Amino acid sequence: RDPEGNVYFAAKGDYGCEDSGICRIDIHTEQMHRWIFPDRMFGALTYLPQLGQVLVAERRKGDDWLRFFFVDAASGQEVVSEPAIRDHGDIIVWLHDGGDWVYGLHDYRATLFAYSLKARRIVKEIKELGFGHHCKESLLFGPDDRIWGVTHWLWYFGSRYWSYYVIDRHR
């Protein structure tokens, strides 16, 4: 959600549809704006208030790179698309800290990472978390200033020390 209350979502092209899109819905008027991007598949997205942009996980047809795609939230125009991770995985959830870092959960080998908007690169990562089903597509900041996630186990990530802890292995 942006400061005006607009809601954003990505439509992922797949299964014969080779185009993806981003939609912005004004929750007050229910007016929808949509922008189509040919030959791309989109994954998770997040709104970046300090930039007025939407960050989307993007894969282009025939490209081995997962890209971080920045779109102007007002116009739907591409700002930049940067190759970020070379493999066949996807970003399944983003978590913006409100400042410089955007945390992401990459489903290929369950990697948690921090991307710096200023440096324009991944600055920290923990690979091979060993959790099930992409951590249920959830990351959030807890009241204890840690990043929490849910899978078949409850766990938290100690952001200061870049380590994670399993709290409860019960289903």
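This tour moves through a predicted model of a single protein, from the overall fold to individual strands, turns and cores.

**The whole chain**

Begin with the entire protein in a cartoon view. The 171 residues include 44% that count as buried, and the secondary structure comprises 15 strands and zero helices. Switching to a surface view shows an accessible area of about 9400 Å², of which carbon and sulfur atoms hold 49%. Among contacts in the protein with a separation of 6 or more, 30% come from residues 24 or more positions apart.

**The four-stranded sheet**

Select strands 4, 5, 6 and 7 next. They form an open sheet in the order 4-5-6-7, and the pairing is antiparallel. The edges are strand 4 (40–48) and strand 7 (78–86), each of which pairs on one side only. From one strand to the next, the twist averages 25 degrees.

Narrow the selection to residues 65–72, which make up strand 6, together with strand 7. The two run antiparallel and are joined by seven bridges. To locate one of the paired positions, pick valine 71: its bridge partner in strand 7 is glutamate 78. As background to such pairs, strands of a sheet pair through backbone hydrogen bonds, either parallel or antiparallel.

**Two hairpins**

Move on to strand 8 (residues 91–96). Six of its six residues are buried, and the strand is mostly covered. Add strand 9 (residues 101–106), which pairs with strand 8 in the antiparallel sense over five bridges. Histidine 96 is found opposite valine 102 of strand 9. Four residues lie between the strands of this hairpin, and glycine 98 there has a positive phi near 85 degrees.

Now select strand 10 (residues 111–116) and strand 11 (residues 121–126), an antiparallel pair joined by five bridges. Phenylalanine 113 has glutamate 125 in strand 11 as its bridge partner. This pair of strands is also a hairpin with four residues between them, and arginine 120 in the turn adopts a positive phi of about 60 degrees.

**The nonpolar cores**

Hide the cartoon and show side chains. In soluble globular proteins, nonpolar side chains tend to be buried together. Which residues of the largest nonpolar core touch the most other members? In this core of 14 residues, they are Leu55, Phe68, Phe70, Ile91, Trp94 and Phe113. At least two residues of the core come from each of strand 4, strand 5 (53–60), strand 6, strand 8 and strand 10. Strand 6 contributes the most, with three residues.

Centre the view on leucine 55. Setting aside neighbours within four places in sequence, its contacts include Ala44, Leu45, Thr46 and Leu48. Leucine 55 is likewise in contact with Phe68, Phe69 and Phe70, and with Trp94 and Val102. A second, separate core has eleven residues, among them Ile22, Trp35, Phe42 and Val56.

**A loop position**

Finish at glutamate 30, in the loop between strand 2 (20–25) and strand 3 (32–37). Is this residue buried or exposed? Glutamate 30 is exposed, because its relative accessible area of 67% is over the 50% cut-off. Draw a distance from its C-alpha atom to that of asparagine 6: the separation is 9.3 Å, although the two residues are 24 apart along the chain.

Technical notes:
Residues are numbered from 1 along each chain as its sequence is written. This is a predicted model: local features need pLDDT of at least 70, side-chain atom pairs count only at pLDDT 80 or more; totals for chains, interfaces and linings use all residues. Side-chain values use heavy atoms; hydrogens and water are left out. Two strands pair if DSSP finds at least two bridges between them. Axes are lines fitted to C-alpha atoms, for helices over the stretch in contact, and angles run from 0 to 180 degrees between N-to-C directions. Buried means under 20% relative accessible area, exposed over 50%, partly exposed in between (1.4 Å probe, protein chains only). Contact means heavy atoms within 4.5 Å. Accessible areas come from the Shrake-Rupley method with a 1.4 Å probe; for residues, only the protein chains shown count as cover. A nonpolar core is a set of buried Ala, Val, Leu, Ile, Met, Phe, Trp, Tyr and Cys residues joined through side-chain atoms within 4.5 Å.
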